[in-house]
Amino acid sequence: MKYYSTRNKAVKISAAEAIVSGLAPDGGLYVPCEIPKLKSDDIEKLIKLNYQERAAYVMGMYLEEFSETELMSFAEKAYGKNYDTDAIAPVHFMEDGTAILELFHGPTSAFKDMALQMLPHLLTASLKKCGETRKVCILVATSGDTGKAALDGFADVDGTCIIVFYPRDGVSDVQRLQMVTQKGENVLVSAVEGNFDDAQTGVKIIFNDKDFAKELDKSNILLSSANSINWGRLLPQVVYYISAYCDMVSGGKIKNGDEINFCVPTGNFGNILAGYYAKKMGLPVKKFICASNSNNVLTDFLKTGVYDRNRPFYCTVSPSMDILVSSNLERLLFSVTDSDEKVSSYMTSLNRDGRYEVKAEILADIKSVFEAGYCDDDATKAEISNVFTNGYLMDTHTAVAYKVLREYRAQSGDTTACVVVSTASPYKFCDSVLSALGENSDASGVELIERLAHKSKTTPPAPLSDLGGREVRFTGCIAKEDMKGAVKNFLG
Ligand SMILES: *Cc1c(COP(=O)(O)O)cnc(C)c1O
């Protein structure tokens, strides 16, 4: 199977090349030239398999040049003892019929592990297939979850090293501790003075520095990124939609062939888009409900066809969804319009005016699959408290989805079985979760974890509960201007 850019259908490349490149040279995102289809008895077969086997099978449909053995070995490394449940991505059934797909059982307690535990294996194998002999250095600016998940995925992976910059004034105490205690010989973590934008701008400047790239090339080093536009990050996410469907059937909630809905807390549109690909493969899904916080640019787009980032930016209690430009929406626009020209023109106006608008018939196509809603911080916290009373503790991002789903059900009368995609452990956002439960949340990260465990009578994930005892390895904080120097120093 070949891949091409959402902005240029003329050039076709292999999956390995798409994974090595990340972004296309024209600024577009790589997508498969056609979507492989599930066979009529595939779900029956997949129901009997474990998560690793499901992953190898589904990813294999998109990755012709990777052997079954190869993909199976990646899946076993990516989804093994590093997860705290053999099910890897278990589905929890609530009494009201809602199912919760728990994607936070990996080493960093957020759903980004599902992709970032797999990406290093896909990337290093792709580099070999492309004849690349340079060492790859992953450079990340993070607002929290991605940095830690990428560090954990790439730590001590041969032929790679990873450098993560986080904003000094922009990550939670738990998130910071997770990063500065990261183990591994090939990792560097540094705080940068300022906010996320400062760290992100610094990284972009390094990526665009042609002379620096040449210098690194002489030392046999290639810079790469681990962000969610890479096909190697999106593909592992298709798997859990299909896996959740299998679990709904084997759990007796639906019959094989019945349609279900998914409600997804959304930021960059990567997670929900992976579900859309699963539907295009033939998975029986009626609707995807796109849930946002007060940064509701996607809600407006999915309702009106106007994408407009010219609006205030809110810092919310669901910070991983505080985004005004959802990069992966480009892949949906391409899929619906089937036109690289149209996508290019939308993206040109987004860059120029911060907005674009799609025609009525395109919006109608999108609306036939996507519903949307949003809720603010007060509603998010109220939802955590409500659902906790019913016996389930959830994080702020998942709560946004839960609330949006309840509103959607009330307004539409749609009673289709629905899976809420849960993207983080409540322990990752202790302060907001505690305050939602009416508790004092004024303490250090480690104390808050204990307080939440006491209040909720649940057990924190081991990688978070032992944070207090871990050695702090990285204490540096640098100015934005010194980021390139730090990279140079580290790479020797
Ligand atoms: C990244 C993230 C999201 C948003 O996912 P997208 O793929 O960017 O839509 C939601 N919740 C959590 C906890 C995340 O870390």
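**Pockets, a ligand and some cysteines**

Hi everyone, let me start with a pocket: the second largest one in this structure has a volume of about 260 Å³. Before I go on, please keep in mind that this is a predicted model.

So, what lines that pocket? There are 15 lining residues, and F104, L393, P426, T458 and T459 are the ones nearest the pocket's centre. Sorted by class, the lining of this second largest pocket comes out as seven nonpolar, six polar and two charged residues.

Now to the ligand. How many residues surround the ligand, and which are the closest? The count is 15, with K112, D145, G267, N268 and T423 as the closest. In the shell around the ligand, eight residues are polar, five are nonpolar and two are charged.

Let me walk you through some of the contacts made by ligand oxygen atoms. K112 places a polar side-chain atom 2.5 Å from an oxygen of the ligand. With G267, the partner is a backbone N or O atom, and the distance to a ligand oxygen is 2.8 Å. N271 also takes part through its backbone, where a polar atom sits 2.9 Å from an oxygen atom of the ligand. How much of the ligand's own accessible area does the protein cover? On its own the ligand has 390 Å² of accessible area, and the protein covers 96% of that.

G267 turns up again in the next topic, as part of the lining of the largest cavity. For anyone newer to this kind of analysis, rolling a probe the size of a water molecule over the atoms shows where empty space is left. Here, one cavity of 30 Å³ or more is found, and the largest cavity holds about 40 Å³ of space. Along with G267, its lining residues are T266, S292, N295, V297, L298, M321, I323 and S326. By class, that lining has five polar and four nonpolar residues, and no charged ones.

Last topic: cysteines. How many disulfides does the structure hold? Zero. Take C418, which is in no disulfide: the nearest cysteine sulfur belongs to C263 and is 5.6 Å away. A disulfide needs the two sulfur atoms within 2.5 Å. C418 is also buried, because its relative accessibility is 1% and buried means under 20%.

C430 is in no disulfide either, and its nearest cysteine sulfur, that of C315, is 20 Å away. Is C430 buried or exposed? With a relative accessible area of 2%, C430 is buried.

That's my tour, and thanks for listening!

Notes. Residues numbered from 1 in each chain as written. Predicted model: local features only at pLDDT ≥ 70, side-chain atom pairs only at ≥ 80, totals over all residues. Heavy atoms only, no water. Near = heavy atom within 4 Å. Polar contact = N/O pair within 3.5 Å; in protein donor to acceptor, adjacent residues only side chain to side chain. Areas by Shrake-Rupley, 256 points an atom, 1.4 Å probe, with all protein chains shown as cover. Nonpolar A, V, L, I, M, F, W, Y, C, P; charged D, E, K, R; others polar. 1 Å grid on protein atoms, 1.4 Å probe; cavity = no way out; pocket = protein on both sides within 12 Å on 5 of 7 lines; lining within 4 Å. Points joined across faces, edges and corners; volume = space filled by probe spheres on them. Buried < 20%, exposed > 50% of the residue type's maximum accessible area, 1.4 Å probe, protein only.
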